[in-house]
Amino acid sequence: MWSYAFKRAGTTAVTLLAASIIIFAFIHIVPGDPIYVLLGDTATPDQIDALRHQLGLDQPIILQYLTWAGHVLEGDLGRSIFFQAPVLSVIADGAETSILLATMTMIWVAVIGVPIGMIAAVRHGTWLDQGLSGGAMLMASIPTFWVGLYLILIFAAWLGWFPSSGYPSIFEGGVVNLRYLVLPSLALAAPNAALILRLTRASMLDVSREDYVRTARAKGIRPWQVVRRHIWRNALLAVVSAFGFTFAALLSEAVVTETVFALPGIGRLVVQSILRRDYPVIQGVILVIVVVYLLINLIVDLSYRLLDPRVELQ
Amino acid sequence: MSSNSVILWLKPFIARPIALAGLGVLLATVLAAIFAPWLSPYDPYAIDPLIRLTPPNVTHWFGTDQFGRDTLSRTIHSARMALLIGSGVVVFALATGVPAGVLSALFPRLGHLLMRMVDVLMAFPTLLLALGLIVILSPSVATVILAIGIGYMTTTTRIVYGLTLRLRAETYVEASRSMGAGAAWLISRHILPNLVSPLLVQASFVFAFAQLGAASLDFLGLGAPPDIPSWGNMLAESRTFVTRAPWLLFFPGMMIVATAFSLNLVGDALRDRLDPRFRQVFGEKG
């Protein structure tokens with residue numbers, strides 16, 4: 001187990017290192033002098049000289065990268081041009097919304113996707129299974145922003161059950177503010193619940209072809225007991241690991257949903273920063289999301305291995 | 001293509017009426033794109049403030065938008081952008097992914113390097129990668145194709161790599177190699193012909209995802225130039241009029257769903273026809 005964990009952590013570290021080079025290069029590839037990119041159009045010559053010296057832009061590119069990486073490791077992701085504040089604190093301001101949105105979405109995904117996927121697998125091959133699987137494919141083919149706009153139209157504009165946009169922090173207005181996240185999380189959950197549904201179904205069908213399931217059936221165990229004890233327990237593993245990947249992917253998928261519902265999260269921050277040409281913020285968000293993405297993948301892989309020792313390092 | 005192989009290709013669709021319907025929707029979309037100027041009842045750009053935000057009626061079947069432009073004509077013309085971006089993304093993903101995947105499988109040393117690079121790119125979520133590229137490149141249709149395509153380049157490379165590794169281990173390929181066949185011969189005679197079916201499956205799914213991705217970028221205002229009619233742009237523009245003119249939301253959205261769903265159905269039907277060993281590479285066993 002330990003050698004596996006070290007190897008897997010090593011691969012993640014190497015991938016992260018390579019990804020960080022790409023992210024570092026981002027500021028240098030965007031059109032224009034990186035100094036103007038970093039300071040914006042309103043910079044004075046003094047500021048330009050000061051920053052050029054501070055960043056060591058006259059030094060070799062490898063040294064520049066090492067300096068940047070050193071700052072990043074200390075938690076310094078640069079300054080936002082628009083907010084005139086450290087990038088890390090700008091991102092931290094959006095973190096509450098994004099994390100709560102992703103968590104709420106995952107709850108919908110679990111409540112909707114897993115049970116229906118199980119039903120489809122148990123009723124494999126029947127019209128019910130075909131209907132549910134086909135419905136899942138349809139859900140995966142609908143743009144989340146379209147679902148979001150319809151949810152706003154029906155549940156906010158017509159029925160008035162939920163607010164249509166914004167999100168005031170629960171730390172200021174209490175837990176009732178979570179109602180602001182109901183519609184966005186439902187919109188974001190739709191395609192992801194569809195994917196989890198299909199995965200749950202496929203995983204259960206996979207396990208149900210195993211020899212031990214046939215043995216259990218041959219012994220005369222009741223069908224639902226076979227499903228509960230033999231199939232479900234083993235199929236759960238693949239589903240749980242997919243949950244980790246989905247959660248990680250949600251942080252960036254939420255870009256569109258947060259824009260539709262005007263939520264102050266990390267996703268909307270990216271889009272607004274692109275429109276404002278606030279490059280340090282874009283760079284910072286990409287870095288944070290990639291790190292979270294890789295770390296969650298690492299944790300999922302390691303826990304998978306811990307739960308199922310048969311898994312080999314590929 | 002002989003009539004025999006045409007029947008072979010149609011077989012999964014005849015067995016599954018809904019997949020056949022999907023094929024029909026796609027055919028209709030292609031025809032709409034080609035004959036858009038003749039099919040549209042009005043000029044998609046013609047502005048008429050007197051009839052702005054008219055609900056669907058006899059003269060304007062899909063109603064009109066905030067400038068009084070005919071929604072039906074704009075919906076039909078948008079099929080062009082949908083097909084252009086979809087096929088552009090598919091061509092880009094295949095043109096880069098197939099050579100990279102095949103060569104990686106045949107030359108392990110190169111493969112090790114390339115697959116590591118794929119791993120690194122895959123650490124970037126698809127939409128994030130697209131947004132990053134859009135910042136770097138100037139906004140245009142080509143940028144949108146590249147931005148969406150790069151995310152599917154990596155998945156295509158992985159799939160082709162996996163398939164080629166399996167093919168390389170086949171007895172007839174090994175036999176051919178032991179008789180002195182070079183890489184070019186192996187690729188052209190044994191590998192590429194066997195990749196056609198799985199790649200068709202991959203192409204349908206990539207096309208479907210490209211539809212959704214392009215719509216999202218349009219909606220964020222970072223996709224196709226706003227003056228070009230596209231379903232995503234139509235939805236983005238109508239956003240502020242949602243409560244007054246819900247029909248503006250309905251028709252373009254339905255077209256996105258119809259094309260993406262049809263492509264998924266077709267991909268699914270083609271996948272079930274695949275060799276079971278190949279099917280695993282697509283991660284579905286059910």
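**View 1. Helix α10 of chain B, tucked in by its surroundings.** In this predicted model, helix α10 of chain B covers residues 231–238, and 8 of the 8 residues are buried, so the helix is largely enclosed by the rest of the structure. Reading along α10(B), the buried residues are W231(B), G232(B), N233(B), M234(B), L235(B), A236(B), E237(B) and S238(B). What do they pack against? Chain B itself offers α4 (71–106), α9 and α11 (247–273), and chain A joins in with α7. As for how far to trust the picture, the mean pLDDT of chain B is 86, with 95% of its residues at 70 or more.

**View 2. Where chain A meets chain B.** Here 38 residues of chain A are in contact with 36 residues of chain B. On the chain A side, the elements that each supply at least two residues are α1 (2–29), α6 (127–140), α7 (144–158), α9 (182–208), α11 (223–260), α12 (266–276) and α13 (279–307). That side of chain A is made up of 30 nonpolar, 5 polar and 3 charged residues. For the complex, the predictor gives an ipTM of 0.84 and a pTM of 0.87.

**View 3. The largest nonpolar core, with residues from both chains among its best-connected members.** This core has 150 residues, and those with the most contacts inside it are A190(A), A193(A), V285(A), V89(B) and V206(B). Helix α9 of chain B (residues 183–220) gives the most to the core, with 17 residues. Within chain A, domain 1 (2–73) and domain 2 (94–307) both give residues, so the core lies between them. Zoom in on A193(A) and, leaving out residues up to four places away in sequence, you'll find it touching W108(A), V109(A), I112(A), G113(A) and M139(A).

**View 4. The two domains of chain A and the contact between them.** The domain assignment splits chain A into domain 1 (2–73) and domain 2 (94–307). Their C-alpha centres lie 33 Å apart. How many residues does each domain put into the contact? Domain 1 of chain A brings 15 and domain 2 of chain A brings 12. On the domain 1 side, α1 and α2 (34–39) of chain A are the elements that give two or more residues, and α1(A) gives the most, with 11 residues. The make-up of that side is 12 nonpolar, 2 polar and 1 charged.

**View 5. G40(A), a loop residue.** You'll find G40(A) in the loop between α2 and α3 (45–55) of chain A. Is G40(A) buried or partly exposed? Being buried takes 20 or more other C-beta atoms within 10 Å, and G40(A) has 17 such neighbours, so it counts as partly exposed. Look across to F82(A): although the two are 42 residues apart along the chain, their C-alpha atoms are separated by 8.5 Å.

**View 6. Chain A on its own, helices throughout its list of elements.** The secondary structure of chain A comes to 13 helices and 0 strands. Its C-alpha atoms fill a box of roughly 85 × 60 × 35 Å, taken along the principal axes. Of its 314 residues, 38% count as buried. Among the contacts in chain A with a separation of 6 or more, 71% are accounted for by residues 24 or more positions apart.

Note on methods:
Residues are numbered from 1 along each chain as its sequence is written. Chains are lettered from A and ligands numbered from 1 in the order in which they are written. This is a predicted model: local features need pLDDT of at least 70, side-chain atom pairs count only at pLDDT 80 or more; totals for chains, interfaces and linings use all residues. Two residues are in contact if their C-beta atoms, placed from the backbone, lie within 7 Å. Helices (H or I, at least four residues) and strands (E, at least two) are DSSP runs, numbered from the N terminus. Ala, Val, Leu, Ile, Met, Phe, Trp, Tyr, Cys and Pro count as nonpolar, Asp, Glu, Lys and Arg as charged, and the others, Gly among them, as polar. A residue is buried if 20 or more other C-beta atoms lie within 10 Å of its own, exposed if 12 or fewer, and partly exposed in between; C-beta atoms are placed from the backbone. A nonpolar core is a set of buried Ala, Val, Leu, Ile, Met, Phe, Trp, Tyr and Cys residues joined through C-beta atoms within 7 Å. Domain bounds come from an automatic or database domain assignment. pLDDT is the predictor's confidence in each residue, from 0 to 100.
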